[in-house]
Structure formats: structure tokens, C-alpha cells
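Me: Please take a close look at the interior of this model, and go through it slowly, as I am new to it.

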Amino acid sequence: MKLQRKNRLRATALGVIAVSSALALTACGSDNNGGGTTGGTGGTASGAASNVKCDGAKGQLLASGSSAQKNAMDLWVKNYMAACKDAQINYKSSSSGEGIVAFTQGTVAFAGSDSPLKPEQVEDSKKVCTGGQGINLPMVGGPIAIGFHVEGVDSLVLDASSLAKIFSGKITKWNDEAIAKLNPGAKLPDLAIQAFHRSEDSGTTENLTKYLSATAKADWTYAPAKKWAAPGGQAASGSAGVAAQVKQTNGAIGYFELSYASSQSIKTVDINTGASAPVKASSANASTAIAAAKIAGTGKDLALKLDYATKADNAYPIVLVTYEVACDKGNKAATLPAVKSFLSYAASADGQKLLTDASYAPIPSEINAKVVETINSLQ
């Protein structure tokens, strides 16, 4: 956080929004056991969840989707359920693709996704959102870290071209000339690269491939998509699965949210973007990049357009924004109070304070204000 923009970024973080929605039919494990002092409908808790407003929330909720937001979700669910003991909330971490399918089939109250709904998915959502449709609510941002495990190498710089060639199988050894040129003086071994990618449809994959498509067109010839398209490499389930493989495999490289790298002490790649210096994967640097995002959605839809090709100093370009996908109208009366209450806590100052400590990045305050307004208007 020793950046020149430190104060501005902290101010941004206070107005930021968080991931959310995640709820399930059962309240599992220790994450559902709270330490709050008050609970029940309308109650508040002390400490980190001191401003939770339950507003009549009760019963069981079900949601699923993005594994990118799981670590933040775990914190929110724990604090929220400490305050609102009449509501059972548990986030089923699967993938963005699975979450959207569940939402459009009407089996979850809302879904977590690392990319906004496509037009055909919006149409599908109208079947379950009576009189309304699914909308994208940006809840938290963060860097997609490129984690690596090469024994004897503590720091590594790559650029878009070398990343594209590594993940498409065109660069196969760690001492390849293209990597050596970006890391003068580094002792790179004659070791095979083992590249790991997501096995299931993933918004994290889509955001990484959007970055590669925007910045390395000559070397990455595949369209951005949730499903991994390049040949070769090895697949693993979820961000947790990819991170686990990288941690235990010498010669490995993979992609996942920074929180997974931080919690498991996995080294991450600095990205040469053409800025004055390679950019580290950090919450602050991701915030700098996300601050340039524009709202691309219309009406209550708050889908964002990110600039993956940024060359601004201290702007980490491989970022994602996690959305909660919810009905603007047509929510079930029995679950609507809990949906609004939980999302409001996630978007609050208390909820946001938890994000940077968990290696996520805030959404700009101007966008956050619109998210809060939209949450309050859900019907």
C-alpha cells in the first residue's frame, strides 16, 4: 500500500461493494456459527457486523456460483448469520457457469458470476423473474493472479505474449528465451512448464482470456469464453483446485484470484504491461485498473466494461469483477427480505472493510452507490 494513490484508493474502498448472495438450504460447518451478541429478525450484532440490519430476514436461502468470491463470502456469511439468527445462509461455491444455469432454472435466489449475463441468459431469466429480469450487480473486484511454482525462482515477470504462449503450449520450458529476456539475471531452470486451467465453465477463465485477446492477439487466437479452449495443459476444478495443483507441482503455473495465492503463500507473476515498471498482483493495483471501468449495462443493470489493455502505472490489468445476479422484479416474497438484507450488509462499510484484508479489491464508490440504490429497489 505504499503507493502514491494510497489515500485515494482507501477512500474508494470505503464506498465499495462486495460480493454476495450466497446462500443454501443448509447452514454447514463453522462458517455458520456466529460470534455476534444479538440476533433474530431485525437484530444487529457487535464487532465487525455491528451495522447488520436483518429487516425481517428469516428462513433458508439457496445461491451458488463463482468460486472467485468464496473467501469473501465466507466472511460475510459468518458475520451476517451472527446477527440474523433467523436466516440460514450458505454459499455453494461451484462456478459462474453453474451458478447462472441454476439461477435461470429458478433453483437459487441469486447467483455469483465473474462475468455479466449474456443477452440469451437475460431472456432465460425472465421465466423466473416474474415481471422482471436478471440484472448484474458488481459486488467486488480483484486481481486474477498468475501463480507459479518454480523451485529456486522467487520472482518472475511475464507479459501478455509470453503468457499467451505458455497457456497455449507454445512455450514449454521455463528457460525459454522469451521468459529469460523478461527476467535478466534470473536462474531459470531447464524445466518443463506445467500449465493448469479450470476444468469447468468459469468467469475467471473468461476474464483471463479477455485480457489475452485484448493484448496478445497474434499469440492468443481463441475467443474469450468461460470454457477453456486452448490445447494442452492440465485441468483442475475451481480456483481452489488450480491453486492446489500449482502449490504442489514444481514447474507449475496457473490462474486464480489473489486470495488463493495469499492464503497458500503461492508466488505470483508481475505483469509487464508497458508501464514504467512491471505491475504486481495486489488489491491496490487492481483497484487502479478497475477505477477506469465504465458501466455498460442499461437501466438497473450495472454490468461493467473493463480496460484489459491498460498501460497506466500501478494498474494491474488481469482483473475480474464478481457480480451477484438477481431479479430486479419478481423475487419470491418469502426470501426477498433476506436477499436485500444480506446484500446490503455486503455493500456496507463494515462489509467492505473485510475485502482488502482478504486480498480483494473495491468497486469505485460511484458505482457502489448505484448498487446500494438498486439493492434497495429489488422487488
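Reply: A nonpolar core is a set of buried Ala, Val, Leu, Ile, Met, Phe, Trp, Tyr and Cys residues joined through side-chain atoms within 4.5 Å, where buried means under 20% relative accessible area with a 1.4 Å probe, protein chains only. This is a predicted model, in which local features need pLDDT of at least 70 and side-chain atom pairs count only at pLDDT 80 or more, while totals for chains, interfaces and linings use all residues. Residues are numbered from 1 along each chain as its sequence is written, and side-chain values use heavy atoms, with hydrogens and water left out.

Of the 379 residues in the protein chain, 55% are buried, and the largest nonpolar core takes in 101 residues. Those with the most contacts inside this core are Y80, I146, L163, I179, I253, I318 and L343. Apart from it lies another core of 10 residues, including A102, C129, V325 and C327.

The chain that holds these cores has 13 helices and 15 strands (DSSP runs numbered from the N terminus: H or I of at least four residues for helices, E of at least two for strands). One of the helices is α2, which covers residues 70-83 and contains A82; with a relative accessible area of 4%, A82 is buried. Although A82 and V52 are 30 residues apart in sequence, their C-alpha atoms lie 9.5 Å apart in space.

Farther along, S283 belongs to helix α10, residues 283-290, and S283 counts as buried because its relative accessible area is 13%. Leaving aside neighbours within four places in sequence, S283 is in contact (heavy atoms within 4.5 Å) with P143, L258, T356, S359, Y360 and A361. One of these partners, S359, comes just after helix α12 and takes a positive phi of about 70°. In α12 itself, residues 349-357, the residues D350, G351, Q352, L354 and L355 are buried.

The interior also has an enclosed space: a search of the whole structure finds 1 cavity of 30 Å³ or more, a cavity being a set of points on a 1 Å grid over the protein atoms alone where a 1.4 Å probe fits but cannot get out, with lining residues having an atom within 4 Å of a point. About 40 Å³ of space lies in the largest cavity, the volume being the space filled by probe spheres set on the points, which are joined across faces, edges and corners. A289, I290, L306, D307, Y308, Y316, P317 and V319 line this cavity, and they divide into 7 nonpolar, no polar and 1 charged.

Methods. Buried < 20%, exposed > 50% of the residue type's maximum accessible area, 1.4 Å probe, protein only. 1 Å grid on protein atoms, 1.4 Å probe; cavity = no way out; pocket = protein on both sides within 12 Å on 5 of 7 lines; lining within 4 Å. Nonpolar A, V, L, I, M, F, W, Y, C, P; charged D, E, K, R; others polar.
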